[in-house]
2 protein chains.
Amino acid sequence: MSGSLVVVGTGPGKAGLITPATAEVLAHATDLVGYGPYLDRIPCRIGQRRHASDNGVELERARLALSLAAAGRQVAVVSGGDPGVFAMAAAVFEAVDAGDPSWRDLDIRVEPGVTAMLAAAAEAGAPLGGDFCAISLSDNLKTWSTIERRLTAAAEADFVIALYNPASKARPHQLGQAFDLLRGVKPKETPVLFVRAAGTAEACVVVTSLGAADPSCADMRTLVIVGASTTRQVGRWIYTPRSERGAAS
Amino acid sequence: MSGSLVVVGTGPGKAGLITPATAEVLAHATDLVGYGPYLDRIPCRIGQRRHASDNGVELERARLALSLAAAGRQVAVVSGGDPGVFAMAAAVFEAVDAGDPSWRDLDIRVEPGVTAMLAAAAEAGAPLGGDFCAISLSDNLKTWSTIERRLTAAAEADFVIALYNPASKARPHQLGQAFDLLRGVKPKETPVLFVRAAGTAEACVVVTSLGAADPSCADMRTLVIVGASTTRQVGRWIYTPRSERGAAS
């Protein structure tokens, strides 16, 4: 039997947000490869091998998965969220690109999932109702000046902005710098959402404004959404109207 | 029993991409409210009422759903994809905002889903591997100059660009105008993907370049992805490397 590799995402956390297509891949894989805490979410199956690794070794993990598939195993590479958004799918293709040429002939597939931004938006209402962008604030893989350029462009063109990886122990100050930059472009009244643990039983939404936003509200489990000029509150919800032509009709 | 309203998305098309959480909402609703073709995807249940409506009457549909919930019904508002991305969730909150003040006290919730952009990316590899944005090319709800401003900003700041609603019978020329604009900012070699019917059994990916992209390849079921400067091909896949710091390490 020839090997295969499917990159899947287990969604934001709760089992109800793992798609049936992904659950089926997980059920039939001979080998699961992923970051330990993501593998821990998946029920054990007899005979299925688990290859847990630490955070920050994505390319090494991708190479292991490709080697296993090349050896005839049915491999699932397990991300959180959607595997194509700041997750393992890109790492797998990077490893193919730089690796054994025979890996290009492997049966490789990506299964989409629910990314954190969508779960966070759903917890708060519909803040992504208009055009939006997703920016990772981590400068491990790009320069801070690239991030600043994208934040400025997104603010000037009035996108709703979803910030992935807003803070970590190694990077406590960048979200504050991002808010400072955005305050130079956008009104202080712009709604800002801190959504922690979206799509889990512990989900928590803090609604504030760009002027008042306290970067220490964010941790590694937080997704930050900065509204567009039209983003507004109604009752306990935040939403961005579909129409930018004045009053909705 | 007091009423409730849950806005759900049935994903890009195939049943394997409807989350269990959404399936549960659909199973327990007394009333399904949505665009006819989306309701047609859902198995019938005895006693469950269906309120199908045409395209383009989102606010009217939202008001009907809110009225039913206010009358004590358990209502599911059914979108395709994710309900928060160019879909019904924003319309529901617009209707709450402009409607009966008592609607603000209703039990309203949004369930996230798999939006078309994620399914399209998965079909092609990992083109959304870096920072990205989503722009609807429809000018029904915003001016074309707003769209041009966002396309220019996204291109200049080197986002991967996902184009929703790239073409319809009423708007056959806008995708060509968007490509022309992007050609003035981005290299002609930039990868462009036309992904039709992503996340269904009929999925089809066309890979081309910005210089050669033919707007007539897109229809209402197509999602277009325009790469960043780093987006590249390996084997039959397109991906955007996570690292923008030269060679991935």
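Which residue of chain A comes closest to the rotation axis? I will start there. This is a predicted model, and in it Cys133(A) takes that place, with its C-alpha at 1.9 Å from the axis.

Now the axis itself. Two copies of a chain are related by a rotation about an axis and a shift along it. Here, a turn of 180 degrees with a shift of 0.0 Å along the axis lays chain A on chain B, and the RMSD is 0.0 Å. The two copies are therefore related as by a two-fold rotation axis. As for the interface, 100% of the interface residues of chain A are also interface residues in chain B, so the copies meet through the same surface.

Next, Ala134(A). This residue belongs to strand E7 of chain A, residues 132-136. Ala134(A) is buried, at a relative accessible area of 0%. Beyond its neighbours within four places in sequence, Ala134(A) has contacts in its own chain with Phe86(A), Met117(A), Ala162(A) and Tyr164(A), and across to the other chain with Asp131(B), Phe132(B) and Phe159(B). Asp107(A) lies 27 residues away along the chain, and its C-alpha is 29 Å from that of Ala134(A).

Last, a helix pair in chain B. The axes of H3(B), residues 58-70, and H4(B), residues 88-98, come within 8 Å and cross at roughly 65 degrees. That makes the two helices roughly perpendicular. Their crossing is right-handed. On the H3(B) side, the contact residues include Leu59(B), Ala62(B) and Leu66(B); on the H4(B) side, they include Met88(B), Val92(B) and Ala95(B). By type, the residues of this contact are 8 nonpolar, no polar and 4 charged.

Note on methods: Residues are numbered from 1 along each chain as its sequence is written. Chains are lettered from A and ligands numbered from 1 in the order in which they are written. This is a predicted model: local features need pLDDT of at least 70, side-chain atom pairs count only at pLDDT 80 or more; totals for chains, interfaces and linings use all residues. Side-chain values use heavy atoms; hydrogens and water are left out. Axes are lines fitted to C-alpha atoms, for helices over the stretch in contact, and angles run from 0 to 180 degrees between N-to-C directions. Helices (H or I, at least four residues) and strands (E, at least two) are DSSP runs, numbered from the N terminus. Angles under 35 degrees count as roughly parallel, over 145 as roughly antiparallel, 65 to 115 as roughly perpendicular and the rest as oblique. A crossing is left-handed if the near helix is turned anticlockwise from the far one by less than a right angle, and right-handed if clockwise. Contact means heavy atoms within 4.5 Å. Ala, Val, Leu, Ile, Met, Phe, Trp, Tyr, Cys and Pro count as nonpolar, Asp, Glu, Lys and Arg as charged, and the others, Gly among them, as polar. Copies are superposed by least squares on the C-alpha atoms of residues with pLDDT of at least 70 in both. Buried means under 20% relative accessible area, exposed over 50%, partly exposed in between (1.4 Å probe, protein chains only).
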